[in-house]
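Reader: Hello! I'm at the bench and new to this one, and I'd love a close look at chain B. Could you walk me through it strand by strand and then out to its contacts?

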Amino acid sequence: MEMVKDFTPVPRDLEASQKIYRKSISYSQGVVRTLLQNKVAMVSLVFILFLIVVAIAGPIAFPDYEKTDLLHTLTPPSKEHILGTDELGRDVFTRLIRGTRTSLMIGFIAETINLVVGMLYGGIAGFLGGKADNIMMRIIDILMSIPQMLVMILMLTVLKKGIPTLILSLTITGWIGLARLVRGQILSLRENEYALAAKVLGAGKKEILLTHLLPNAIGPIIVNYTMSIPGAIGAEAGLSYLGLGISVPEASWGNMLQAGSSQFPASLWLFFAPAVLFALAMLAFNLLGDGLRDALDPKMRR
Amino acid sequence: MSDDVLFEIENLSKYFDVENKKKLRAVDGISLQIKRGETFGLVGESGCGKSTLGRTLVRIYEPTSGSIRYDGKDIAKLGRREAKEYASKVQMIFQDPYASLNPRMTIGDIIKEGMKIHKIGNDKDRTDRMCELLELVGLSKEHAQRFPYEFSGGQRQRVGIARALAVNPEFIVCDEPVSALDVSIQAQIINLLRELQDKLGLTLLFIAHDLSVVRYISDRVGVMYLGSLVEVANAEELYLNPIHPYTKGLLSAIPVADPLVENSRKRSLLEGDIPSPVDIPTGCKFASRCPYATSDKKEGVPPLHDFGGGHYVACFNAQSLINSMDEGNF
Amino acid sequence: MLAIKDLKVSFHTYSGEVQAVRGVNLSLEEGGTLAIVGESGSGKSVTAQSILKLHDPDITEYKGGHIELDGQDILEFDEKRMQEIRGKEISMIFQDPMTSLNPTMTVGNQIIEILKRHEKGKDNKKIGRKEARERAIELLKMVRIPNADQRVDQYPHELSGGQRQRVMIAMAMACAPRILIADEPTTALDVTVQLQILELMKEMQKEKGTSIIVITHDMGVVANLAKTVVVMYGGVIVEAGTAADIFYRREHPYTQGLLDSVPNEKQRKDKKLESIEGTPPDLVNPPVGCPFADRCKYAMKICHQQMPEETKLSETHLCRCHLLDPECPYPRISLAFKGAKKREETYVR
């Protein structure tokens, strides 16, 4: 079909050329959408949410993690005990649920404390800059020079063993990494042209920090938080394995691993159940962290 | 154009600390007057300190020494309230339209930010004014709810201009406002700036490395080299009769969109690179690249000297260069 | 030697399919210099990067066409074959030499790495470290870096912007490629340094016979370097020809606008700059007609309705504009040159 050729002049329609056809999405909408598209991260997220539900509701449904049954010690998985029993006849499945609560709780609480302390410390240092920043960073250097493992072991040997002490030992120097990250972010964002523009407009330091710096630094902070939770859980496991962390009858992934390894390889289930769950949880947190990093970075957005 | 002076800059220096206790002398003893209502163009290669000078005027940086007087008042001695008032009178447009808008804020909020800081009007007034500004810079009010990433470079630069205008400034530092834009968009922004200047009676400091744009937009032009002004003159005078060898070299390198001109071009007059501003040579800073440098070492930096008609040159050999030009030996 | 035939490239993004390149034809001769001119989003960089298949394969779709190097279609090569081509047959330099050099390696080691990957030593065996280093110094000398034997051990941040771009050229030329693609090679540089780099590129070309594709939005660079020019807009070529065709016999309103919007000596200060108003089209929703129609001061109804065909004005000169339609009652741009203002006034009615 031949179109009629119409050579009538048309005035320029600048409105039309300025029009934006694409749908507008805000930053957070973009983050959610990128994350939803990342299958690995979504599977990890679902798994972590599942663990959290288990940690909260599980021990209510299966409260008897301390109950011993000396007639049925070290039984392999069966109908009554789907994951078998330990050397005192305690149900491994019930203990694993209880252990999930303990381990996740330690991970979340310790890292949330680190997040708050680190953000405040790093934010203030980066925000004040100059001499104050210098002094605050030197304090961090001094703290860093003390071997962290030694402090933790020392604290756990001297103080009463238990969850509070463990959390304290994980947080006493645990916030340093995040403080450095936040400070670095704030310092580099401060030189960004939009922060300078706010300064030129007469905005105070506080306004710049709250409206321009922190919202743009939040991405890496969230990623760091997500990726450091498995670190805390791992540290708990390590310390408990050494017999310094959570002691029986309380259950945690760490002390269950320790119990399992003492019966290794005769009663494999004792070791494998917590080991598999622990490994999966670590992997899920790290994969979610990776997904978040991609989603939160606008440059990675397509 | 009235001749009253808006900015009186005297012997201004801005040094930055760098490693090994050395100083980076970004701005090194500049004296300059900017008159009310004019456009002062500032050119030079990257690293010459032109942006630092602009940023010092809008108080992003505090000067290391020297003074800046705005409307007769020394800006270092302003009280808290006066300083805030100064921040509304003196604004800046940034180079990178991608980095100068907060990606988390909508266009509307970005433009309203300054009005909020200076408590201009209530929220409705600000929204009205914001819509007005959007139209003034050639965008539409439907754009207010959008985020910066949805716009092209030229549109973002318009938002940057609207943000600066929101607080009713008298003076705007335009720091390479078009160098990150496409050629077809550059002309739009330049036209917009000129139109706004006429309409609002603004004084502009126009910093750029694109010499042909500066020639077009500026009334007077200053050429900077390694933190110092080497030549200041009316725009046409500077482009038609440059005296300082550096200015000559710079002007000779302007690309021309004409193959015949480009193919007959002689080799660049300026060889080599600009020396590091950390280790500035003593004497004339340009001597290491200057084809007319004499071997007798003179002490100190050559001062800016008036060679008539407001044409200032900082060169020990300026007089002999002018003479040889007059004789047509050049 | 290199021919692009009806290339179509799309990116799949959240907002939909971005049709970045919509049917591009061009060819490059042995030893020739081709400039691709256009603004951001015109598809100029996408076209050039397709030659090396540098796009993220997850979102990129080559929807049609061929890129033929000596008659072989590059688009059908696998990644391994592409790695052999990149740096060896075709190499590329980018706009920002700071971000395209590795900051943790000395410039010498970066050149040596390339040589080791692609080149053989004198005895036709793997190239030795000592020999590679000597070659690296030679290359640095070739791009006129002073004190090359000391500079070879320096890190990128110790060099100036111009020297970094010289290093980039040295790296690109290390294996004597047949084609050098320069993506905005001087945009980040000062005019004085720009001139030096352009001179260097021309010398390299003369010495080695390399063909150059330069991507730029700066008509000054085009005038200095290019023998043939392709002007792209909205993912299509709107005008193509020799430098003389484009600079002195242009027929497309966009080419005209590009050349006009650079202020020259004759620009009067009391006059506004000629500018192309408006914004380039969003290629998620490419217009059915001429992509430039929205911003064109000569636009007619037909321009919004159908894409103009390519008109062959001479052996070398192609243009895509409805003004060239034999049935069009208005004069073409080159004829309307002097009367352009008058024409604009008639349009206002």
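Author: Happy to! Let's begin with a definition: two strands count as paired when DSSP finds at least two bridges between them. Please keep in mind that this is a predicted model.

With that in hand, start at the N-terminal end of chain B. Strand β1 of chain B (residues 5-18) and strand β4 of chain B (residues 65-70) are joined by five bridges and pair in the antiparallel sense. If you want a place to click, F7(B) stands opposite Y70(B) in β4(B). These two strands belong to an open sheet of four, whose order in chain B is β2-β1-β4-β5, with antiparallel pairing. At the edges of that sheet stand β2 (22-35) and β5 (73-74) of chain B; each has a single partner strand, so one side of each is left without a neighbour in the sheet. A helix comes in here too: α1 of chain B (residues 50-57) lies across β1, β2 and β4 of chain B, and runs at about 65° to β2(B).

Further along the chain, look at strand β7 of chain B, which covers residues 171-175. Five of the five residues in β7(B) are buried, so this strand is largely enclosed by the rest of the structure. It helps to recall a general point: in a regular strand, side chains alternate between the two faces of the sheet. In β7(B) both faces are covered, with F171(B), V173(B) and D175(B) buried on one side and I172(B) and C174(B) buried on the other.

What are the partners of this strand? Four bridges join β7(B) to β6(B), and the two run parallel; V90(B) has F171(B) as its bridge partner. β7(B) also runs parallel to strand β8 of chain B (residues 203-207), joined to β8(B) by five bridges. Here V173(B) stands opposite L205(B) in β8(B).

Next comes a hairpin. Strand β9 of chain B (residues 220-225) is joined to β10(B) by six bridges, and these strands run antiparallel. Two residues lie between the strands of this hairpin, where L226(B) takes a positive phi near 45°. Across the pair, V221(B) stands opposite A233(B) in β10(B). β10(B) spans residues 228-234, and six of its seven residues are buried, so the strand is largely enclosed by the rest of the structure. β10(B) has another antiparallel partner in strand β12 of chain B (residues 312-313), to which two bridges join it. In that pairing V232(B) stands opposite Y312(B) in β12(B).

For a contrast with those buried strands, turn to helix α2 of chain B, where E82(B) lies. E82(B) has 12 other C-beta atoms within 10 Å. The cut-off for an exposed residue is 12 or fewer such atoms, and therefore E82(B) counts as exposed. Between E82(B) and V27(B), which are 55 residues apart along the chain, the C-alpha atoms are separated by 26 Å.

Now for the contacts with other chains. On one side, 27 residues of chain B are in contact with 21 residues of chain A. The chain B elements giving two or more residues to this side are α2 (80-89), β6 (90-93) and α3 (107-117). By type, the chain B residues that touch chain A divide into twelve nonpolar, eight polar and seven charged. So you meet β6(B) twice on this tour: β6(B) runs parallel to β7(B), and β6(B) is among the elements that touch chain A.

Chain B also touches chain C, in a contact of 33 residues from chain B and 39 from chain C. On the chain C side, the elements giving two or more residues are α7 (161-173), α8 (191-208), α9 (219-225), α10 (243-248) and α11 (253-260). Of these, α8(C) gives the most, with six residues. The chain C residues facing chain B divide into 14 nonpolar, 17 polar and eight charged.

Terms used
Residues are numbered from 1 along each chain as its sequence is written. Chains are lettered from A and ligands numbered from 1 in the order in which they are written. This is a predicted model: local features need pLDDT of at least 70, side-chain atom pairs count only at pLDDT 80 or more; totals for chains, interfaces and linings use all residues. Two residues are in contact if their C-beta atoms, placed from the backbone, lie within 7 Å. Ala, Val, Leu, Ile, Met, Phe, Trp, Tyr, Cys and Pro count as nonpolar, Asp, Glu, Lys and Arg as charged, and the others, Gly among them, as polar. A residue is buried if 20 or more other C-beta atoms lie within 10 Å of its own, exposed if 12 or fewer, and partly exposed in between; C-beta atoms are placed from the backbone. Axes are lines fitted to C-alpha atoms, for helices over the stretch in contact, and angles run from 0 to 180 degrees between N-to-C directions.
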